[in-house]
Amino acid sequence: HLGQRLCDFDRQAEHDYFLQWLLETLKVEKVDALIVAGDVFDVHNPPNYARKQYYNFLRKAIGYCNNIIITGGNHDSPRNLDAPKELLEYLRVHVVGGCPEELKEEVIEIKDEDDKVIGVVAAVPFLQERDIRKAVAGESYEERVERTQKGIFNHYHSLAEHIAAEYDLSKLPAIAVGHLFAAGSITSDSEKDIHIGNQGKV
């Protein structure tokens, strides 16, 4: 949520402290992959200082981590996140800001320093309604909820089938990423609904 404000105060200093802590953690723990599951920014058009924080962090993080995977959340602009993705891939930073046309683009391999695949990630961004269902004239609220939930299920199921067919999961760990509303949880006042009335719950 870079760029977020609390009433009349920006949270830039707090985010700077957090990002510095995260860099230190990457360095000390020698992690194989950093995975960010959405809401990099707080708004679709974040302030310039927030963009600078993001790119400065990535510039430093690639020195400590071979694999960085970032997916878009419901607060992010898929277009803004995806804009530099081709350039960032050369630095082993994989960005999936919005639902791509090809499902396989959501499958990211985690590699070690010798370029050996040591894991695989289903990097699913926040799924917008247009990504997972077609509007049906005259549908009831209950039908809309059911189709949305089924669309999310089908998306993950298709990814799971694809990964199982392409990789030996008895030897490789697989991680599924999601930016979703979990049934039984309670949202804070600052959080926007994920789909209308949180109907896309899991």
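In the predicted model, helix α2 comprises 14 residues, which at 1.5 Å a residue should span 20 Å, and the C-alpha atoms at its ends are indeed 20 Å apart, so that expectation and model agree. The buried residues of this helix are A50, Q53, Y54, F57, L58 and A61. When α2 is viewed down its axis, these buried residues fall within an arc of 125°, and they therefore line one face of the helix. The face turned away from this buried side carries the exposed residues N48, K52 and R59. The cover over the buried residues of α2 is drawn from several elements, including the helices α1 (12-29), α3 (78-82) and α4 (85-89) as well as the strands β3, β4 and β5.

The strands β3, β4 and β5 form an open sheet in the order β3-β4-β5, with parallel pairing. Its edges are occupied by β3 (33-37) and β5 (93-96), each of which pairs on one side only, and the twist from one strand to the next averages 10°. Strand β4 (residues 67-71) is joined to β5 by four bridges, the two strands running parallel; within this pairing, I69 has H94 of β5 as its bridge partner. Helix α2 (residues 48-61) packs on the sheet, where it touches β3, β4 and β5, and its direction makes about 155° with that of β4.

Aromatic contacts were examined next. The structure holds three aromatic pairs, among them that of Y54 and Y55, whose ring centres lie 4.9 Å apart and whose planes meet at 55°, so the pair is classed as tilted. With a relative accessible area of 5%, Y54 is buried, because burial is assigned under 20%. Y55, by contrast, is partly exposed, with a relative accessible area of 37%. Together with F41, the residues Y54 and Y55 form one aromatic cluster, and Y54 also belongs to the buried residues of α2.

A further position considered is I132, which is placed in helix α5 (residues 129-132). The relative accessible area of I132 is 14%, and this residue is therefore counted as buried, the limit being 20%. Although I132 and G98 are 34 residues apart in sequence, the distance between their C-alpha atoms in space is 12 Å.

How values were computed: Residues are numbered from 1 along each chain as its sequence is written. This is a predicted model: local features need pLDDT of at least 70, side-chain atom pairs count only at pLDDT 80 or more; totals for chains, interfaces and linings use all residues. Side-chain values use heavy atoms; hydrogens and water are left out. Buried means under 20% relative accessible area, exposed over 50%, partly exposed in between (1.4 Å probe, protein chains only). Two strands pair if DSSP finds at least two bridges between them. Axes are lines fitted to C-alpha atoms, for helices over the stretch in contact, and angles run from 0 to 180 degrees between N-to-C directions. Contact means heavy atoms within 4.5 Å. The expected span of a helix is 1.5 Å times one less than its number of residues. The arc is that of the directions from the helix axis to the C-beta atoms. Rings of Phe, Tyr and Trp (its six-membered ring) pair if their centres lie within 6.5 Å; planes under 30 degrees apart count as stacked, over 60 as edge-to-face and the rest as tilted.
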